[in-house]
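Okay, thanks for having me, everyone. I'd like to walk you through where the parts of this one touch, so have a look at the screen.

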Amino acid sequence: MRGKDLVSVDDLSRADIELILDRAESFAEVSVREIKKVPTLRGRTIVNLFYEASTRTSSSFELAAKRLSADVVNIKSVGSSVDKGESLKDTVQTLSAYDPAAIVIRSPHAGAAGLVARWSAASVINAGDGKHEHPTQALLDVYTLRRRLGALEGVKIWIVGDVLHSRVARSGVLAFSRMGCSVTVCGPPTLIPRGVEALGCDVRWSLEGIEEANVIYALRMQNERMTGSFVPSLREYAARYQIDGRRLAPGQLLMHPGPVNRGVELAGEVVDSPQALIVQQVESGVVVRMAVLYELLTGGGPDTGSRFARDTAAGEPQPA
Amino acid sequence: MRGKDLVSVDDLSRADIELILDRAESFAEVSVREIKKVPTLRGRTIVNLFYEASTRTSSSFELAAKRLSADVVNIKSVGSSVDKGESLKDTVQTLSAYDPAAIVIRSPHAGAAGLVARWSAASVINAGDGKHEHPTQALLDVYTLRRRLGALEGVKIWIVGDVLHSRVARSGVLAFSRMGCSVTVCGPPTLIPRGVEALGCDVRWSLEGIEEANVIYALRMQNERMTGSFVPSLREYAARYQIDGRRLAPGQLLMHPGPVNRGVELAGEVVDSPQALIVQQVESGVVVRMAVLYELLTGGGPDTGSRFARDTAAGEPQPA
Amino acid sequence: MRGKDLVSVDDLSRADIELILDRAESFAEVSVREIKKVPTLRGRTIVNLFYEASTRTSSSFELAAKRLSADVVNIKSVGSSVDKGESLKDTVQTLSAYDPAAIVIRSPHAGAAGLVARWSAASVINAGDGKHEHPTQALLDVYTLRRRLGALEGVKIWIVGDVLHSRVARSGVLAFSRMGCSVTVCGPPTLIPRGVEALGCDVRWSLEGIEEANVIYALRMQNERMTGSFVPSLREYAARYQIDGRRLAPGQLLMHPGPVNRGVELAGEVVDSPQALIVQQVESGVVVRMAVLYELLTGGGPDTGSRFARDTAAGEPQPA
């Protein structure tokens with residue numbers, strides 16, 4: 001991989017993405033062992049710096065780091081004011097003094113992860129920065145879909161919902177299109193950002209034509225938008241954009257970044273259907289984040305393969 | 001042990017309880033070593049999912065898991081709404097995607113642990129679910145008392161206080177009576193649930209006759225009940241039910257699940273008396289929870305003994 | 001070292017301080033390795049009990065303990081009422097039942113750490129107790145300055161700001177003067193405690209004469225004081241006491257315990273100047289706390305040297 005950080009999917013070439021996906025496949029083998037752990041990052045420190053509440057992303061990164069044998073320090077400052085301007089810089093300088101191998105950061109402010117990457121010598125991984133990007137989510141989505149379909153070239157994906165406020169949508173469009181998918185974003189005109197086509201996608205304002213999609217990717221309707229001025233009412237939103245049993249055609253796959261608002265963007269019946277990959281997406285989170293940490297922190301290079309083989313050798317006593 | 005989970009004391013036969021107590025005795029030997037750790041659960045993941053504030057139970061489970069060398073992920077969502085209905089199911093599905101060996105759950109809702117056990121392939125341990133049960137508290141109480149008395153058959157125990165709202169009382173009545181104790185519950189009529197005799201205990205509405213008890217088990221008076229309609233006043237409650245130096249007879253033992261409201265259910269003088277087993281109960285918490293995790297996660301079976309001997313062998317370098 | 005605890009700098013002789021600084025130097029070598037970890041405290045438990053919000057101190061202690069391979073249990077009870085009177089005692093009894101090697105405590109109440117040290121058989125480390133002391137901060141300050149200057153005898157230090165409410169100032173005066181420095185405290189008369197000279201320092205009410213200082217140590221202006229009755233206005237405080245580029249003479253060093261209020265006690269220009277040791281202070285935090293834990297928990301003694309050499313031997317597989 002090219003840089004020390006993962007701030008945006010734009011940092012990644014198609015080859016980089018494939019490298020991460022292949023590494024994640026290897027970690028998937030480790031994850032079904034009883035001892036789900038490799039010694040790769042023993043004695044190295046990973047800081048999880050979360051300025052927004054998060055259960056699944058923060059626990060997924062924490063577990064990925066622990067399964068690589070790193071020492072993990074979790075810092076949660078929800079509602080704190082320290083994530084603004086100079087304060088964030090001071091916090092990063094403080095944390096950098098610990099010489100961490102990586103800082104994983106989630107912030108409500110777009111661009112925060114990029115600033116941290118500039119200020120710190122550590123590898124910085126963007127775990128979501130405002131409306132900007134959430135690249136590991138996109139990578140785990142691509143990984144999940146590749147596992148299911150084998151190849152992604154030419155696959156048609158519709159991303160449906162509040163695209164305007166969604167870092168998941170933004171990173172997803174970039175990643176899926178880079179992998180050769182044909183991506184369409186769909187939602188109420190008030191919730192589609194102007195000029196989104198420049199990311200490499202088509203735009204639709206209604207579900208008409210969604211039967212062409214191989215994959216429907218529904219976005220979470222954020223609570224704070226539900227009663228806002230973006231949609232006339234939740235009921236009307238659901239009537240026009242909810243994916244339910246009638247709208248999900250046989251053979252189509254369904255994805256969602258979680259947590260689902262049942263009865264809003266998805267009907268309960270489709271959440272639990274075998275066409276849904278939602279649980280697989282969560283499973284993918286740990287191995288894909290292990291792969292990202294591995295590739296960023298071990299520096300890749302020609303001997304990565306043999307190092308990886310040694311670290312993941314099963315059956316021998318590993319001091320992890 | 002019979003099932004994959006520990007949701008209720010009712011899941012346990014007397015033989016199961018004795019198996020856990022004996023295993024806990026073995027871990028008590030490990031706990032006095034300088035290196036209080038065995039490699040048994042290395043590379044396995046334990047999720048602590050706490051929807052209620054808790055210092056002692058959550059830290060006790062965390063420490064038990066770490067002393068078994070597991071990777072621990074703590075998730076605390078006090079005040080969050082995710083513990084209701086479908087949301088809990090989604091959370092459990094998310095966590096199950098990490099393939100944890102065990103999920104330890106505390107919830108304000110009776111029955112939550114049972115639901116989680118049904119939804120997850122992991123071993124689920126109930127760390128308190130509403131007014132329903134708190135089985136590891138009962139096991140550590142039984143363990144503490146057996147350590148002190150040697151045998152429990154025929155021991156007379158009075159459980160005094162707010163039995164109605166107490167999961168500790170409910171699990172305690174089941175566990176002590178299963179071990180052959182004679183159990184009496186005692187408290188104001190408004191705080192004794194109707195039909196509690198069916199659990200296998202006698203009922204008293206005053207402390208009259210408590211001198212027959214070998215053990216007085218005082219319940220914590222929950223703050224939120226103190227000013228409610230259940231008792232006329234705290235002062236009157238204390239006058240009628242507080243255990244103090246006059247009411248604790250020589251030779252009687254005193255137990256309490258902690259934290260104590262000094263001056264309410266217990267006078268300070270008895271908390272610090274040598275008849276009180278309160279500190280020992282906390283000590284027992286770690287080893288009993290290690291034992292529960294050990295029995296649920298290693299599957300027992302004929303070679304458990306030799307595995308245990310190997311895992312707990314002192315003096316050799318253990319990759320834990 | 002003399003006692004089991006580190007509650008006050010007054011507990012430490014000059015020889016004790018030098019022992020800790022030398023040990024910290026050794027850990028500084030470990031900290032630049034890829035594997036920043038030694039097995040010394042494997043299988044031992046360290047409890048971090050924080051009754052005040054803290055990012056840098058709590059994460060620094062957590063990391064120090066993990067780099068010594070201890071199992072760490074973090075307990076944060078900000079806003080809780082359990083830190084008062086008997087409740088603190090009960091909490092300590094609970095935690096002591098886990099037989100921790102050390103309890104690290106931060107409390108808003110002066111004297112809390114001393115009480116915990118009396119109640120617990122564990123080594124107790126004061127991580128800040130109200131306005132009383134913060135001894136590891138003083139040790140890391142002394143360590144940082146000794147690293148930069150080589151020797152501290154006769155070095156002139158001015159501590160500037162809200163001395164009245166500052167545990168950092170109190171511990172700093174004690175530690176720097178014990179190491180042979182000449183210490184002056186400086187601030188508005190309302191923010192200098194009466195009788196502070198007894199700690200071994202001079203007192204000034206204005207910055208006049210500060211050009212004699214080799215080191216200016218600026219204190220954080222606590223937010224809650226800023227709008228209080230202690231200073232007429234922030235603007236006036238900054239005009240009279242802020243260290244900026246004009247007041248920091250060439251060759252003078254600048255220290256601050258962090259986090260800095262830029263534009264209040266320090267101008268941004270000096271924070272980022274090469275004369276500032278602020279980042280180095282944070283770096284020192286981890287190795288100094290490792291050294292304190294090491295000295296308190298391994299008991300020192302004649303074979304400490306060879307044990308240390310064994311524990312920190314690089315290049316061999318350590319089961320940490």
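When I say two residues are in contact, I mean their C-beta atoms, placed from the backbone, lie within 7 Å. Keep in mind that this is a predicted model, where local features need pLDDT of at least 70 and side-chain atom pairs count only at pLDDT 80 or more, while totals for chains, interfaces and linings use all residues. Residues are numbered from 1 along each chain as its sequence is written, and chains are lettered from A and ligands numbered from 1 in the order in which they are written.

So, chain against chain: chain B puts in 16 residues and chain A puts in 23. On the chain B side, strand S2 (71-76) and helix H3 (85-96) each give two or more; helices here are DSSP runs of H or I with at least four residues, strands are E runs of at least two, and both are numbered from the N terminus. H3(B) gives the most, four residues. By class, that chain B side has five nonpolar, five polar and six charged residues. Nonpolar is Ala, Val, Leu, Ile, Met, Phe, Trp, Tyr, Cys and Pro; charged is Asp, Glu, Lys and Arg; the others, Gly among them, are polar.

Now inside chain A. Its domain assignment, automatic or from a database, gives domain 1 (9-133 + 285-312) and domain 2 (136-280). Their C-alpha centres sit 26 Å apart, and 19 residues of domain 1 are in contact with 16 of domain 2. Which elements of domain 1 give two or more residues there? Helix H1 (14-31), strand S4 (123-129) and helix H10 (278-297) of chain A. H1(A) has the largest share, five residues.
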